[in-house]
Amino acid sequence: MKRIFKKNIIERKINDMKLRNKMLLLFIVCVLLPLLVTDGIIIYNVYRNYQFQKTQDVRSDAAAVKYDMINNLEYPAALIRNLYKNTYVENLLDRQYDSPMDYYDSYSKFINSSVYASWSSNIIESVAIYADNDTILNGGMFYRLDSVKDEEWYKIASNSENIMLMFDHSGELPESYNTRRIYLLRKLNNSRNDKCEKILKMEINYRSFQDKVLKESLSSDVYICQGDRLLMTNAGATNYTANYKKFDKNTKYDYSFEMNLYGNIFTVYVKSNDTSFFDDNRGIFGIVTVLIIINVILPLFMIHRLDTSVARRITILDLVFDHANKENLEKVEKIDNIEGNDEIASLMKNYNVMADRLNDLMQTVYINRFKEQEMNIARQNAELLALHSQINPHFLFNALESIRMHSLIKREDETAEMVENLALMQRANVDWKNDTVDLDEEMDTVIAYLKLQKYRFGERLQYDIDIEPECNKIMIPKLSIVTFVENSIIHGIENKAETGWIFIRISKEEDGSLIEIEDTGVGMDEPTRLRLIASMNNASMDIIKSQKSIGIINACIRLKMMTNDNVRFDMETEMGVGTTISIKLLDQTEAVEENEEDAAGSINATGPINATSPINATSPIDASAKTDI
């Protein structure tokens, strides 16, 4: 039962998929996934072999370095052991000479002997034997011991009976010389009959020794250290005149080992070269990439061709059926240019037959009836327009213009100016073809309103307007600033006995434009201020429906709609001092233009506004009403 249930779920999922997705699923499951798994296994095995070979190369290089260090020091060490047992050298240095000439004769015989001639080597820089014998001369290979007793190498050699290896740096030599030195040291007091202390110092050529140990055949980076001192490395050029550097403990390495060599413990770090797996196996990856491209592109090309042949035509059918299912009475579209002769083409042809029958039915039953209804509606609209023309407000403007001209003839200039400002205000209040105006036009209305109010308040009302030139073409809702100015006069200046001022300031800021309406009226308390700020910033139709006076809330809603809610309101007030309302229009030019087009389209689509229309952003405001929030 469970197996049948699972099978039904899978079938339902597949049935819900589009045809193109089914083909893609088939390609992914049957071609792409097996290909990726197979190629992944191949690459994994190649990578494992690469890592194993890399480890083997590192260990091989480490063994070669260890062997070369021991082997290249073995011959010099063997020479030191021979000298240790050489009685000729012992007698030469133990003897007390009567004169320098006596010593020179003995030294000359030694130089010409076969013992001295066998000491040559390409890595041995020099051999010096120091003896505590005042009768010998300093020179050649023999020196007096008292001249080196303060040297560091002497202290190391004198404290051991075995051969000692020492890496040294001498900063006293000129920079043109190699100041890095390698010494093999040993005491030569090999019998109880020794009459003086003798110490041998063999100098190994640092450059030659490094070249023999860190050969060019090494494929890895090698660091030879003594403690934290980096003695030799093939990673980068070597400055033979510089002192030994400290080894960076953060250096990543693949293998390390320690070796005890002539009284010293050396640590060797080996790091494989910096080439990556991808760099070393470009050929394999190239082949795999070509195979993947072939195995992916060819099936995708076939899927595309099948999609062009099958899925595209099914999509066309789906679109036309979807259009036919919409709740409208438009003519059902037919499918043009039917391609092919398969089952899908037959289905398209049958759809065209059905579309013809549906169009005939709609023409007979619905379309004719709707044409008759449209004629009735057109007749009713014509009657409404006739009634509207009888009450067109132009008669009011003509009457006001007649009164103004009559006042001018009788030299009643003040009355004429009042009538002119009243006409300007009334025209702005009636003309609602466009809800938005530029700031210049809005300020004409504001000035006309303030002049009318000065006739009422006289010298009790003063005003000052400051607008930056770049703000003149800012688009705002009609009568929005007038609404805030009116509110400031009625609720601020009207209740104050002394002279009151209205300040209007409009300026451009980095992130938008700032409009400020300030009055020197009675002000308000803090709870009222907070309530009004919240009402303005959250202005909505619900707030309008719950209040009697809706002027400012209406203006706030229209500002929010025009700017796509990119406007912020704030208020500062003090009892007895006055109130300042700030309107911040944020820069959203595209949003503003889009909302203007939507608003214009809404007005054109809805036709003339009647008394039963709900209050909205395009409804006229009664500018003469008290407009507290």
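**Reasoning through a predicted model**

Biologist: Why does asparagine 564 count as partly exposed?

Modeller: In this predicted model, asparagine 564 has a relative accessibility of 46%, and because partly exposed covers the values between 20% and 50%, that is the word that applies to asparagine 564. The residue lies in the loop between α17 (551-562) and β16 (567-574), and its phi is near 55 degrees, a positive value in a residue other than glycine.

Biologist: Tyrosine 262 also has a positive phi, near 50 degrees; what makes tyrosine 262 count as buried?

Modeller: Its relative accessibility is 16%, and since buried means under 20%, tyrosine 262 is placed in the buried class. Tyrosine 262 sits in the loop between β9 and β10.

Biologist: The structure holds 15 aromatic pairs; why is the pair of tyrosine 206 and tyrosine 244 called tilted?

Modeller: The ring centres of tyrosine 206 and tyrosine 244 are 6.2 Å apart, which falls within the 6.5 Å needed for a pair. Their planes stand at 55 degrees, and because stacked needs under 30 degrees and edge-to-face needs over 60, the pair is tilted. It links distant parts of the chain, with tyrosine 206 in helix α7 (residues 206-213) and tyrosine 244 in the loop between β7 (229-233) and β8 (245-246), 38 residues apart.

Biologist: How do you know that tyrosine 206 is buried, and how do you know that tyrosine 244 is buried?

Modeller: Tyrosine 206 has a relative accessible area of 3% and tyrosine 244 one of 9%; buried means under 20%, so tyrosine 206 is buried, and so is tyrosine 244.

Biologist: Why is the pair of phenylalanine 247 and tyrosine 269 called stacked?

Modeller: Here the centres are 4.6 Å apart and the planes stand at 15 degrees, and because an angle under 30 degrees counts as stacked, the pair of phenylalanine 247 and tyrosine 269 is given that name. Phenylalanine 247 belongs to the loop between β8 and β9 (255-261) and tyrosine 269 to strand β10 (residues 264-271), 22 residues apart, which again makes this a link between distant parts of the chain. Phenylalanine 247, at 7% relative accessibility, is buried, and tyrosine 269, at 10%, is buried as well.

Biologist: What makes the buried residues of α7 line one face of the helix?

Modeller: The buried residues in α7 are Tyr206, Phe209, Gln210 and Val213. Seen down the axis of α7, they fall within an arc of 100 degrees, so they line one face. An α-helix has 3.6 residues a turn, so residues three or four places apart point the same way. At the N-terminal end, α7 is capped by asparagine 205, a side-chain oxygen of which lies 3.1 Å from the backbone nitrogen of arginine 207. Arginine 207 in turn lies over the face of tyrosine 240, at 4.0 Å from the ring centre.

Biologist: How do you know that aspartate 440 and lysine 473 meet in a salt bridge?

Modeller: Their side chains come to 3.6 Å, N to O, and because a salt bridge asks for a nitrogen within 4 Å of a carboxyl oxygen, aspartate 440 and lysine 473 qualify. Aspartate 440 lies in helix α13 (residues 439-457) and lysine 473 in the loop between β12 (461-467) and β13 (475-477), 33 residues apart. At 32%, aspartate 440 is partly exposed, whereas lysine 473, at 60%, is exposed, because exposed means over 50%.

Biologist: Which side chain of opposite charge is nearest to glutamate 442, and what salt bridge does glutamate 442 have?

Modeller: Glutamate 442, which lies in helix α13, is buried and has no salt bridge. The nearest side chain of opposite charge is that of arginine 558, at 7.0 Å, and because the limit for a salt bridge is 4 Å, glutamate 442 and arginine 558 do not form one. A polar atom of the glutamate 442 side chain does, however, lie 3.3 Å from the backbone nitrogen of valine 482.

Key. Residues numbered from 1 in each chain as written. Predicted model: local features only at pLDDT ≥ 70, side-chain atom pairs only at ≥ 80, totals over all residues. Heavy atoms only, no water. Phe/Tyr/Trp six-rings, centres within 6.5 Å; stacked < 30°, edge-to-face > 60°. Helix = DSSP H or I, 4+ residues; strand = E, 2+ residues; numbered from the N terminus. Buried < 20%, exposed > 50% of the residue type's maximum accessible area, 1.4 Å probe, protein only. Lys NZ or Arg CZ within 6 Å of the ring centre and 35° of its normal. Arc of directions from axis to C-beta. Polar contact = N/O pair within 3.5 Å; in protein donor to acceptor, adjacent residues only side chain to side chain. Lys, Arg positive; Asp, Glu negative; His and termini not counted.
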